[in-house]
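Please look over the protein shown here. A short report on its layout, its hollows, its surface and its cysteines comes after it.

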Amino acid sequence: MPKIEQLFKLHTAVASGFVNYAPGDIAYITNGFSNNGVVGFVKPKSSDSVYRFTGLAVSAFGEATVQIPPFIARGNGGSGLVVLEPLKTMTADQLGYVAAHFNTQIRWRFSWSRMATVDRLKALEIPRLNSRLVRYQIRPLLPARAEVTNPSWKPQFREFPLDSLFRLEAGDYYNASDLPEGDIPLVSCGDRNNGIMGFVKVPETKTYCNKLTISFNGMDTLTTKYHPYRFAAKDDVAICSPRNPLKLATLFFVQLMMGREKWRYNYYRKCFMEKLKRQTVALPAKNRRIDESTIEAIVGSSPYWSFLEKRFTQG
């Protein structure tokens, strides 16, 4: 069987995150199969690679889709795509056959901890393209292009260093077993139960309230939790005290956006205070400042926000 590099030229996708684009006419391809990987239509940046051939887009997790030109593919962060350009002309049906082989025979090789890259893909083998094996037409199955309409409102995001938004300090306790039982929640780096691992008795000066915590450790590194109650903290989380007053909706939005950065760390690549201070979070901005009005509009669009806001601000 031929190797992938004998049939295709492999490109590492070069493009920013989808939220950084203005609406346009070029299909933006991301991970997954939904809408054939098309998340929307954008105006490319000058630094992007725009592909003008019919080929394959292979996600970081080995998901292969057939793409017709023109398109760009997600290339930011650690989960960018690889684009396969046929060295010789292939029909969409032949490309569909190759994509089907990827999705049934190759995809299992890749995951969050082992993502698809050019080097990992190029030496893999695929069956020879035999016309007798191609029994269906791909092009009619590809998503139809709808008329592009520019949204009337789209927030502009900016990256803010966490250290510019919060005073970050590690929790106070290393060993939970040394603490007597009590009624103060003890927050650690876990995801379940809002990070609460037990209830302890600690001095009032070692408690916090209405603050975010960010985990340093474990499979849930960068897990961010909001605590609308008095709590104590282990030293495997950072306590976030706003440098300037932030609205409740903004704190929840920071929690949401930090969840998008969790892929950066795991048991083998831990976070620590200096790394966390350099970590950025993408937030709506206006005149280089956090746009809390826009954040309130976004968060407030959730059907549950009115209920949550009352619970967290009462008494």
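The report below starts with the whole chain and then turns to single sites.

**Overall layout**

This is a predicted model. The protein has 315 residues, and buried residues make up 45% of them. Its secondary structure comes to 8 helices and 17 strands. Taken along the principal axes, the C-alpha atoms fill a box of roughly 75 × 45 × 30 Å.

**Pocket and cavity**

The largest pocket has a volume of about 580 Å³. Its lining counts 24 residues. Nearest the pocket centre lie Gly 17, Arg 74, Asn 76, Arg 260 and Glu 261. Two elements, β8 (157–161) and β16 (280–286), give two or more residues to this lining. The largest share comes from β8, with 3 residues.

There is also 1 cavity of 30 Å³ or more. The largest cavity has a volume of about 30 Å³. Its lining is made by Ser 188, Cys 189, Gly 190, Thr 213, Ser 215, Thr 223, Lys 225 and Val 237.

**Cysteines**

How many disulfides does a search of the whole structure find? The search finds 0. Cys 189, one of the residues lining the largest cavity, is in no disulfide. The nearest cysteine sulfur to Cys 189 belongs to Cys 271 and is 12 Å away. A disulfide needs the two sulfur atoms within 2.5 Å, so a pair 12 Å apart does not count. Cys 271 is in no disulfide either. For Cys 271, the nearest cysteine sulfur is that of Cys 240, 11 Å away.

Are these two cysteines buried or exposed? Cys 189 is buried, because its relative accessible area is 17% and the cut-off for buried is under 20%. Cys 271 is buried too, with a relative accessible area of 7%.

**Surface patch**

Which residues make the nonpolar surface patch of about 470 Å²? They are Met 219, Tyr 267 and Tyr 268. Met 219 sits in the loop between β12 (211–215) and β13 (224–227). Met 219 counts as exposed because its relative accessibility is 56%, and exposed means over 50%.

**Backbone sites in loops**

Two asparagines have a positive phi, each in a residue other than glycine. The table sets them side by side.

| Residue | Phi | Loop | Relative accessible area |
|---|---|---|---|
| Asn 35 | near 55° | between β2 (23–29) and β3 (38–42) | 54% |
| Asn 194 | near 60° | between β10 (181–187) and β11 (196–200) | 26% |

Asn 35 is exposed, because its 54% passes the cut-off of over 50%. Asn 194 is partly exposed, because its 26% falls between the cut-offs of 20% and 50%.

Where is there a cis peptide bond? The bond from Pro 69 to Pro 70 is cis, with omega near -5°. Pro 70 belongs to the loop between β5 (64–67) and β6 (71–73).

**In brief**

The largest pocket, of about 580 Å³, takes its largest lining share from β8. The largest cavity, of about 30 Å³, has Cys 189 among its lining residues. On the surface, Met 219, Tyr 267 and Tyr 268 form a nonpolar patch. Asn 35 and Asn 194 carry a positive phi, and the peptide bond from Pro 69 to Pro 70 is cis.

Terms used:
Residues are numbered from 1 along each chain as its sequence is written. This is a predicted model: local features need pLDDT of at least 70, side-chain atom pairs count only at pLDDT 80 or more; totals for chains, interfaces and linings use all residues. Side-chain values use heavy atoms; hydrogens and water are left out. Patches are made of residues with over 30% relative accessible area and no salt bridge: like charges are joined within 9 Å, nonpolar side chains (Val, Leu, Ile, Met, Phe, Trp, Tyr) within 5 Å. Accessible areas come from the Shrake-Rupley method with a 1.4 Å probe; for residues, only the protein chains shown count as cover. A salt bridge is a side-chain nitrogen of Lys or Arg within 4 Å of a carboxyl oxygen of Asp or Glu. Helices (H or I, at least four residues) and strands (E, at least two) are DSSP runs, numbered from the N terminus. Buried means under 20% relative accessible area, exposed over 50%, partly exposed in between (1.4 Å probe, protein chains only). On a 1 Å grid over the protein atoms alone, a cavity is a set of points where a 1.4 Å probe fits but cannot get out, and a pocket is an open set with protein on both sides within 12 Å along at least five of seven lines; lining residues have an atom within 4 Å of a point. Grid points are joined across faces, edges and corners, and a volume is the space filled by probe spheres set on the points.
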